[in-house]
Amino acid sequence: MIKNISNLGDAALYCDFGNEVNKSINSQVIKYFKTIKEKKFEGINNLTPSYNKLIISYDLKKTNFKEVKNYVENINAQDSKDINSKKLEIPVCCHENFSMDIKRLEEILKLSREKILENFLNKEYFCYMTGFIAGMPFLGDLDENMRAQRLETPRVKVPKGSVALTEQFANIYTFESPGGWNILGNTPLDVFDSSKEDKPNLINPGDTVIFKEITLDQYKNYNEQ
Amino acid sequence: MSNNYLDIIRPGINTTFQDKGRDHLYHIGIPFSGAMDNRNYLIANKLVNNNLDSAVIEFAYQGPHIKYSGEKVNCAITGDVIFSIKKKDTEIEGKCYESYQIENGDEINIISTNKSVYGYLALGVEFDLKFQWNSCSINTKANIGSNDGKKLDAGQRINLKKINSNKDIKKTNYINTKIENIRVIKGTNFDYFSEEGKKIFYEKEFIVSKLSDRMGMRLEGPKIDNIVNTNIKSEGLIKGVIQVPADGNPIIMLSDHGTIGGYPKIGVVASVDYDRLVQMSPGSKIKFKEINLSDAETLFKLYEMETQNLISQI
């Protein structure tokens, strides 16, 4: 349930579901997200579900904080019917050309490169949310001994396809973009396709993902097959 | 096939098609996009008798040099922009907020914006553009929108589908007011910062860095010290959010921003000041002033009324 509602600026509601990150809280967020999205309240536009927060943006020309808050407080969030989750295998190349932060990770985690890769690859991940850049999946959870903080100053350009870690999460940069996550490898797969307007994301909240290591040659040939 | 078209002789630094943007796709990671300075976008369309949500050409700093071919059409430029219109025998110095009629062979040369960032070129036409999610706005990071999601390039041709029958010449007197104080509402992680850090945020000057674009505006100045945690669990962002990463330098989210972020939010720019914020060029001084939610709502209402007035008078 929503623990607290406050304002984020003058054109968004900040719905707080708690501080923990787990599937149970995340599914509450998704439940509210889907219910509000279907109801199409006049003035509400963007909705951003994340691990344990839901941000509801609205058009300040049409409504305001008080009205939207009142609406959300009285909503009866329904369990969503369409749990259509997939299991996906994502190829990743961890050659030194791509693993830009492996040294930093070795230092922070006090683990060898081999051990970091072994831990990372022998794991099934759950997609909590998508966003930051179009289609980027936020995958969890990494084991306790694999958790590192973001870079102090985010990079201005992270290469497209980068597979990166922060805290208990992994993600994939679907485009070249600024970003502060620790880069471990790169996937040749297109995780976002804007030509599919109704389903542009390969990975969606609720899906499970495993990473499969490929060599540099396999990476280079991947899109030619 | 079209008999009316534009040829891009010089594209400028960051020239894109923009309209009202996309307002319902944050959950898959697609930001608003759309014209950065909404008021100047609307005025530009009104000056050439367009629907207010029509596509315009947005440019930053140096603008495009364009050659027009086809039947007579109106054009107008808004913002604070230096440009000229070259006709057969003459070259006239252009004035913003006035429409001009151009004809076959005429050229529009947009030299640069003046102490500001964005300018808008509207034509009284319907451009032949691809729409994605009901908008032609170009998002160059995700390659979404018209022109394959890329900036306009030299040598390319843009076809026009339709030319407005209303060719009335319009003019308005509008002056872009510059502001140094940007009004902000306290962010959801305001208490992550030290007392000294909070004081710095509201009392000291920051400088707009060169590393600013349609995604975000980076600021430089005294460091804002975080005493709780320099990371938060990633969560949604909106236009105008001011995040402070571990290095203590604030970053303001702009129209092409990432939809999710993990740095603490010290504040959010009030909607009333967004159009003027985006026009602050690198090197500009910026100071934040706190306001509460109800004042922010009232000020936006007044700003919006003023915009509607300006448009209705054109």
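Okay, domains in chain A to start. The assignment splits chain A into domain 1, residues 4–73, and domain 2, residues 87–224. This is a predicted model, by the way, with an ipTM of 0.95 and a pTM of 0.91. The C-alpha centres of those two domains of chain A sit 28 Å apart.

How many residues of domain 1 of chain A are in contact with domain 2 of chain A? Eight, and they meet seven residues of domain 2. On the domain 1 side of chain A, helix 1 (23–39) and strand 3 each put in at least two residues. Helix 1 of chain A has the largest share there, with three residues. By type, that side of domain 1 of chain A breaks down into four nonpolar, three polar and one charged.

Now the contact between the chains. Here chain A brings 47 residues and chain B brings 39 residues. On the chain A side, strand 1 (4–7), strand 2 (12–16), strand 3 (44–49), strand 4 (53–58) and strand 6 (125–130) each supply at least two residues. Which of the strands gives the largest share? That's strand 3 of chain A, with five residues. So strand 3 of chain A turns up on the side facing domain 2 and on the side facing chain B. The chain A residues touching chain B come out as 22 nonpolar, 19 polar and six charged.

Let's go on to the core. As a general point, nonpolar side chains in soluble globular proteins tend to be buried together. In this model the largest nonpolar core has 145 residues, and the members touching the most others are Ala12(A), Ile56(A), Val56(B), Cys75(B), Leu121(B), Ala122(B) and Val269(B). Take Ala12(A): setting aside neighbours within four places in sequence, Ala12(A) is in contact with Ile55(A), Ile56(A), Ser57(A) and Tyr58(A), and also with Ile238(B) over in the other chain.

On to chain B as a whole. Chain B averages a pLDDT of 96, and 99% of the residues score at least 70. It has four helices and 21 strands. Its C-alpha atoms fill a box of roughly 65 × 35 × 30 Å along the principal axes. The radius of gyration is 20 Å, which agrees with the value near 20 Å for a compact globule of 314 residues. Buried residues make up 51% of the chain. And if you look at contacts in chain B between residues at least 6 apart in sequence, 76% join residues at least 24 apart.

A few individual residues, then. Gly34(B) is in the loop between strand 2 (16–18) and helix 1 (38–47) of chain B. Why does Gly34(B) count as buried? Because it has 22 C-beta neighbours inside 10 Å, and the cut-off for buried is 20 or more. Beyond four places in sequence, Gly34(B) touches Gln18(B), Asp19(B), Lys20(B), Gly21(B), Ser137(B) and Ser255(B).

Backbone geometry to finish. Asn49(B), in the loop between helix 1 and strand 3 (56–60) of chain B, has phi near 60°, positive in a residue other than glycine. Asn49(B) counts as buried, with 20 C-beta neighbours inside 10 Å. Asp148(B) has a positive phi too, near 55°, but Asp148(B) counts as exposed, with 11 C-beta neighbours inside 10 Å. Back in chain A, the peptide bond from Gly140(A) to Asp141(A) is cis, with omega near 0°, and Asp141(A) lies in the loop between strand 7 (137–140) and strand 8 (155–158).

How values were computed. Residues are numbered from 1 along each chain as its sequence is written. Chains are lettered from A and ligands numbered from 1 in the order in which they are written. This is a predicted model: local features need pLDDT of at least 70, side-chain atom pairs count only at pLDDT 80 or more; totals for chains, interfaces and linings use all residues. Two residues are in contact if their C-beta atoms, placed from the backbone, lie within 7 Å. Ala, Val, Leu, Ile, Met, Phe, Trp, Tyr, Cys and Pro count as nonpolar, Asp, Glu, Lys and Arg as charged, and the others, Gly among them, as polar. Domain bounds come from an automatic or database domain assignment. pLDDT is the predictor's confidence in each residue, from 0 to 100. A residue is buried if 20 or more other C-beta atoms lie within 10 Å of its own, exposed if 12 or fewer, and partly exposed in between; C-beta atoms are placed from the backbone. A nonpolar core is a set of buried Ala, Val, Leu, Ile, Met, Phe, Trp, Tyr and Cys residues joined through C-beta atoms within 7 Å. The radius of gyration is taken over C-alpha atoms; the globule rule is 2.2 Å times the number of residues to the power 0.38.
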